[in-house]
Amino acid sequence: MTLRAFMHRIAVLAVFSLLLSGCEKGNPLTEVKAVAVGVPSLAPFFEENSGLGEDAVTVRAQPVRGSLQQGDTPGLYGGSKKPTVCDVTRLERFLTDPRNHAKAQAWAGVLHIGTEEIPEYLDRLTPVLLRHDTLVKNHDYKKEKAVPYNSLLQAGIAILVDEQGLPAVKCSCGNPLRPFEGDTGRISVRFEDGNKKWAGYERESVVAVKPAPRKLERVALVDVQEPARGIDRPVGTTGEKDTPFDAKQRRTVPDLAGRSFAQAARELIDAGLAAGYAGQRAPAGDAKVTATDPPAGTELPFGRYVMLTVAGGGTGASGGATGPTTTPPPPPSGPRTPPTSTPPSSGPSESGSSGGRPGPPSSPPAPSSAPAPSPSAKPGGSSSPPSSSTAPGSASPKRSSSRPSPPPSTASPPTSAPVTSSAPPPPPSTTAAPATSRPATSEPATDGPSTTVAT
């Protein structure tokens, strides 16, 4: 190689490095603190290990097809045969105790409600177990204030979800949760403070949750110990009203050609299936679906993905994207906005994207693919979706007989639509299939030095 050619190559590399550096500065990585199963928070709202909530230590994160999930996606969350994984009544007593008024004020402020609304708000929440490593905006309690920080909750952690399927409370410590507002494809996960990198962690399995476009009557769960067993849990109940169903029963993929992406996603959810897409960003809601994989007429178990291809080359059945994409942050929430999150302290990190994952899932995962809703003046509303959903039977009684207006929820659109259901399971009379084994993961250590994770 001549000296001139060598210098030319050096110049090209320098320009490329400058361009790459500029992109990094314009779209920096979001620091995220890992929160492992069973590891206590250093500054919780409620004392850890006191029986408020119980995580499942053997749950392995499920693969996904699209990093932004909708709150009513079939099988997004899990459950078990245990009567409850979260003592909601105990949490209510704690937050309504006058001695804990400062904590109650900080807790309610995160969720954009008054302290007097706490009992009614808790009555509308539903305990579930995470089936995916899930991004949220978490909150510690320090100096009588709720301090926000982005965190990645490990699959198996027990949480309470609201009427639109959004994570609302971490059960073991009572910490309030809000939707993750960063780019799911540009995160730097820090494993520290005893939260070592857990077995089975994969960037491709990381998800964030956006609100369902309408309030739910029930949540269709998958038993984390017996994936062939589905659980129909009415919203606002803690497990005592659960009805099992056969998650292996086949659902037929509808003919979605010519539908908008949003309508196709709605029809799949109504059928007990999940809409899949490649990359970080879902296609536009009005993009026309041209093909599905598998094709219409195929029969699949509950919660399985159907990859949607849209006109203009949105996503393909192979799981490949037409170009690099990112997930836009959710729209602004209500007038009372929590304090700006501060990045976690320094420590080992792992950065990268969490896009689609090729290959069929081994158990029924659940993505979301409906378009992000528009902001509203009052948090907690919902909008009418492109197509209707039929609930399998009437809703069961909740913990409280009277209900005020819907609780606030970040990035939720307004509506006057009637209450509807998440993906409908088969009739409750169906017997559960024999139990199947789920690969176990090692319980994360609760102490020791931080783990350096290779990027």
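User: What makes strand 17 and strand 19 count as a pair?

Analyst: This is a predicted model, and in it strand 17 and strand 19 share four bridges. Pairing takes at least two bridges, so these strands qualify, and they run in the antiparallel sense. One example of the match: Thr292 has Leu308, in strand 19, as its bridge partner.

User: Which sheet do they belong to, and why are strand 16 and strand 17 called edges?

Analyst: The sheet is an open one of three strands, ordered 16-19-17, with mixed pairing. Strand 16 and strand 17 each have a single partner strand, so one side of each has no neighbour in the sheet. From one strand to the next, the twist averages 35°.

User: What packs on this sheet?

Analyst: Helix 5 does, touching strand 16, strand 17 and strand 19. The direction of helix 5 makes about 165° with that of strand 19.

User: How do you know that helix 5 is largely enclosed?

Analyst: Count its residues: nine of the 10 are buried, so helix 5 is largely enclosed by the rest of the structure. Among the buried ones are Phe261, Ala265, Glu267, Leu268 and Asp270. The cover includes strand 2 (68-70), strand 16 (274-276), strand 17 (289-293) and strand 19 (305-310). After helix 5 comes Gly272, with a positive phi near 85°.

User: Why is Arg266 called buried?

Analyst: Arg266 sits in helix 5, which spans residues 261-270. Its relative accessible area is 3%. The cut-off for buried is under 20%, so Arg266 is buried.

User: What makes the link between Arg266 and Asp72 a polar contact?

Analyst: The side chains of Arg266 and Asp72 are joined at 2.9 Å. A polar contact needs a pair of N or O atoms within 3.5 Å, one able to donate a hydrogen and the other to accept it. The 2.9 Å value is within that limit, so the distance part of the test is met.

User: What about the sheet that holds strand 4: which strands form it, and which are its edges?

Analyst: Seven strands form an open sheet in the order 8-7-4-3-12-13-14, and the pairing is mixed. The edge strands are strand 8 (167-170) and strand 14 (243-246), since each pairs on one side only. Here the twist averages 50° from one strand to the next.

User: How do you know that strand 4 is largely enclosed?

Analyst: Strand 4 covers residues 126-130, and five of the five are buried, so the rest of the structure largely encloses it. Strand 4 pairs with strand 3 (residues 77-79) in the antiparallel sense over two bridges, and Tyr77 has Leu130 as its bridge partner there. With strand 7, strand 4 is antiparallel over four bridges, and Pro127 is matched with Leu160.

User: What makes strand 7 and strand 8 a pair too?

Analyst: They share three bridges, in the antiparallel sense. The requirement is at least two, so strand 7 (residues 158-161) and strand 8 pair. Leu160 turns up again, this time with Val169 in strand 8 as its bridge partner.

User: Where else does Leu160 show up, and what makes that group a nonpolar core?

Analyst: Leu160 is in the largest nonpolar core, which has 32 residues; Leu91, Trp107, Ile118 and Leu160 touch the most other members. Residues count as a core when they are buried, of a listed kind such as Leu, Trp or Ile, and joined through side-chain atoms within 4.5 Å. Helix 2 (88-96), helix 3 (101-110), helix 4 (118-123), strand 7 and strand 8 each give at least two residues to this core. Helix 3 supplies the most, with five. In general, nonpolar side chains in soluble globular proteins tend to be buried together.

User: Which residues does Ile118 contact?

Analyst: Leaving aside neighbours within four places in sequence, Ile118 is in contact with Leu95, Ala104, Trp107, Ala108 and Ile113. Apart from this core lies another, with 31 residues, including Leu152, Tyr277, Leu300 and Val306.

User: And what is the chain like as a whole: how many helices and strands?

Analyst: The protein chain has five helices and 20 strands. Of its 455 residues, 55% count as buried.

Notes
Residues are numbered from 1 along each chain as its sequence is written. This is a predicted model: local features need pLDDT of at least 70, side-chain atom pairs count only at pLDDT 80 or more; totals for chains, interfaces and linings use all residues. Side-chain values use heavy atoms; hydrogens and water are left out. Buried means under 20% relative accessible area, exposed over 50%, partly exposed in between (1.4 Å probe, protein chains only). Axes are lines fitted to C-alpha atoms, for helices over the stretch in contact, and angles run from 0 to 180 degrees between N-to-C directions. Contact means heavy atoms within 4.5 Å.
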